[in-house]
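Welcome, and thanks for taking a look at this one with us. Below is a short briefing to read alongside the coordinates, grouped by topic.

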Amino acid sequence: MREIDPKETTRAYAFEMWMDAPMPMVTFFKTLDVTRITRLSRRSGMKFNMLMCWCIGKAASGIREFYMLPVGRRLMQYDSIAVNTIVANRSGEVSSCDIPFSDDLERFGEDYLRLTRQVAESCRNHDLTESMVIGTSALAQYEIDGAVGMYSGVFNNPFMIWGKYRRHLWKRTLTVSFQFHHTQMDGAHASRFLDSLQREINDCSRRKTYPKSISGNDI
């Protein structure tokens with residue numbers, strides 16, 4: 001992670017326009033077809049939430065704007081990204097867990113299992129401050145039509161929220177919200193990310209083998 005001069009990036013105009021905006025966050029909603037990864041989850045034993053997090057990281061990794069983030073009054077450049085998930089801990093509350101993204105699904109899944117279990121047992125957050133983190137919150141037991149994340153003015157990270165997927169005969173759909181800071185990216189970048197996410201969901205299901213070491217997560 002290093003500070004960069006906004007004037008020397010493609011985000012120069014956005015930085016000037018949106019850094020002082022009282023509400024610089026934008027939220028998009030999209031309904032995804034998740035039929036294929038629900039089937040993959042059942043066949044392989046891999047958790048749906050882990051697969052969603054991996055697909056999010058995979059889609060984001062191909063878009064350069066995800067590697068920049070306004071932090072305070074500075075624009076920071078990152079060499080890596082991570083995906084955050086919220087974990088139910090043993091005290092009955094929730095903790096936050098950052099999982100480093102890896103293009104290798106098996107490696108990501110192993111990190112997901114290890115770190116979420118560690119956080120659940122310790123009741124302590126696991127933060128990766130050297131990576132650009134995409135936040136997620138899965139309300140998997142509840143049917144919601146959408147959610148807009150809170151803008152605290154402290155964290156400018158992109159954030160995704162979803163609830164329970166819906167069943168339509170043989171089809172499964174999931175409505176997600178994607179919140180992002182306008183300094184980091186424009187609507188076209190966010191739309192490209194969401195389109196890429198759908199492609200990654202479809203492509204992930206075409207795996208011929210399923211790594212057994214990342215199956216059976218109860219978190």
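In which sense do strand 5 and strand 7 pair, and over how many bridges? Strand 5, residues 81-88, pairs with strand 7 in the parallel sense, and three bridges connect the two. Please keep in mind that this is a predicted model.

**Strand 7 and its neighbours**

- Strand 7 covers residues 132-138 and is mostly covered, with six of its seven residues buried.
- On the strand 5 side, I81 has M132 of strand 7 as its bridge partner.
- Strand 7 also runs parallel to strand 8 (residues 159-162), and four bridges join these two strands.
- If you would like a residue pair to find on that side, T136 stands opposite M160 of strand 8.

**Helix 2 and what covers it**

- Helix 2 spans residues 35-44, and its buried residues are T35, I37, T38, L40, S41 and S44.
- In an α-helix there are 3.6 residues a turn, so residues three or four places apart point the same way.
- The cover over the buried residues of helix 2 includes two strands and two helices: strand 2 (25-33), strand 10 (171-181), helix 3 (48-61) and helix 5.
- Just after helix 2 comes G45, which has a positive phi near 85°.

**Helix 2 against helix 5**

- Helix 5 is made of residues 187-204, and it packs with helix 2 at an angle of about 35°, the axes lying 8 Å apart.
- The two helices, helix 2 and helix 5, cross in a left-handed way.
- Helix 2 brings R36, I37 and L40 to the contact, while helix 5 brings I201, N202 and C204.
- Sorted by class, this contact of helix 2 with helix 5 holds four nonpolar residues, one polar residue and one charged residue.
- I37 and L40 thus appear twice in this briefing: both are buried in helix 2, and both take part in the contact with helix 5.

**Cysteines**

- The model has zero disulfides, counting a pair of cysteine sulfur atoms as one when they are within 2.5 Å.
- For C53, the nearest cysteine sulfur belongs to C97 and is 9.4 Å away, and C53 is in no disulfide.
- C53 counts as buried because its relative accessibility is 0%.
- C204, which we met in the contact between helix 2 and helix 5, is in no disulfide either; its nearest cysteine sulfur, that of C55, is 4.4 Å away.
- C204 has a relative accessibility of 3%, so it counts as buried.

How values were computed. Residues numbered from 1 in each chain as written. Predicted model: local features only at pLDDT ≥ 70, side-chain atom pairs only at ≥ 80, totals over all residues. Heavy atoms only, no water. Buried < 20%, exposed > 50% of the residue type's maximum accessible area, 1.4 Å probe, protein only. Axes fitted to C-alpha atoms, helices over the stretch in contact; angles between N-to-C directions. Left-handed = near helix turned anticlockwise from the far one by under 90°. Contact = heavy atoms within 4.5 Å. Nonpolar A, V, L, I, M, F, W, Y, C, P; charged D, E, K, R; others polar. Pairing = 2+ DSSP bridges.
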